[in-house]
Amino acid sequence: MNHSSAQDFPTQDLSHHFERIFRKDALLAPKNAPTVSTHRPLFLEIGAGKGKHAVLFAKENADKHLIAIERTSEKFDAFAKLAGAENLDNLTAIQADAIAYTAHHIAPNSLDGVFILYPNPEPANKNQRWLNMPFFEFLISRMKAGATITIASNIAEYIDEAQKLLDEVWLLPYERVQIDSDSARTHFEIKYLARGEMCQELVILKPNYYQTRFDHDDTQA
Ligand SMILES: C[S@@+](CC[C@H](N)C(=O)[O-])C[C@H]1O[C@@H](n2cnc3c(N)ncnc32)[C@H](O)[C@@H]1O
């Protein structure tokens, strides 16, 4: 892992990279979305698709709670069906925009891990890529020190760009990993690996010295 120590950690000045700061009051709270209260370590999956990873994770980690969010009805309906059949008490499946949900329902310093698996590559609008959004700072503020964000993609350029942003903008340590060809965590992962494409992920660590401008923003819907 590309580690920095607290002493050599420069304060990230995001104003050079982003013209605007994330504003949660510009987003409506999703309707009928619950705030999850749990004594278990809390994980968040953004863009859960049909929920394959979410269900696998919940089944394999009975001691952890996963909130998995998917925006589209088409995919969420399949996810809800799968989750309903498994009836797992440590999985909360939510149809919502994950940005609005996180902004209004996740407390600062509360997440033990975040998964963003095979996000849309947004070729026509790179500002919509997760590490290019002011929201990413807010997301980091929701994580505990020592928590990780796992972001996977079959597009090397997406991972290259994210790595550059970690080095130059976010100043977060990470590990870059090639995903095994027999991995089968999500529908997209299965499809890409079956086509012989290389899939990679960045496992990004929030160090204990890391601070954001949202660390004390704890107003929830
Ligand atoms: C390429 S798919 C990958 C789905 C799944 N993770 C997989 O690997 O099979 C990306 C998913 O992210 C969802 N998504 C994108 N932005 C989102 C947002 N802001 N909130 C919730 N879901 C989102 C899309 O609807 C889509 O289903």
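In the ligand site, one of the nitrogen atoms of the ligand has a polar side-chain atom of Asp 97 at 3.5 Å, which puts the pair within the 3.5 Å allowed between N or O atoms for a polar contact. Arg 71 also reaches in, with a polar side-chain atom 3.3 Å from a ligand nitrogen. At Gly 47 it's the backbone that does the job: a polar atom there sits 2.8 Å from a nitrogen of the ligand. The protein covers 92% of the 590 Å² of accessible area that the ligand has on its own (Shrake-Rupley method, 1.4 Å probe).

A word on the model itself: it is predicted, so to speak of local features takes pLDDT of at least 70 and side-chain atom pairs need 80 or more, while totals for chains, interfaces and linings use all residues. Residues are numbered from 1 along each chain as its sequence is written, and side-chain values use heavy atoms, with hydrogens and water left out.

Stepping back to the whole shell, 16 residues surround the ligand (a heavy atom within 4 Å). Gly 47, Glu 70, Ala 98, Leu 117 and Thr 186 are the closest. Sorted by class, the shell holds six nonpolar, six polar and four charged residues, with Gly counted as polar.

Then there's Arg 185, in the loop that runs between strand 6 (174-178) and helix 6 (187-194); strands (E, at least two residues) and helices (H or I, at least four) are DSSP runs numbered from the N terminus. The side chain of Arg 185 makes a polar contact of 2.8 Å with that of Glu 189; within protein, one atom must be able to donate a hydrogen and the other to accept it, and residues adjacent in sequence count only through side-chain atoms on both sides.
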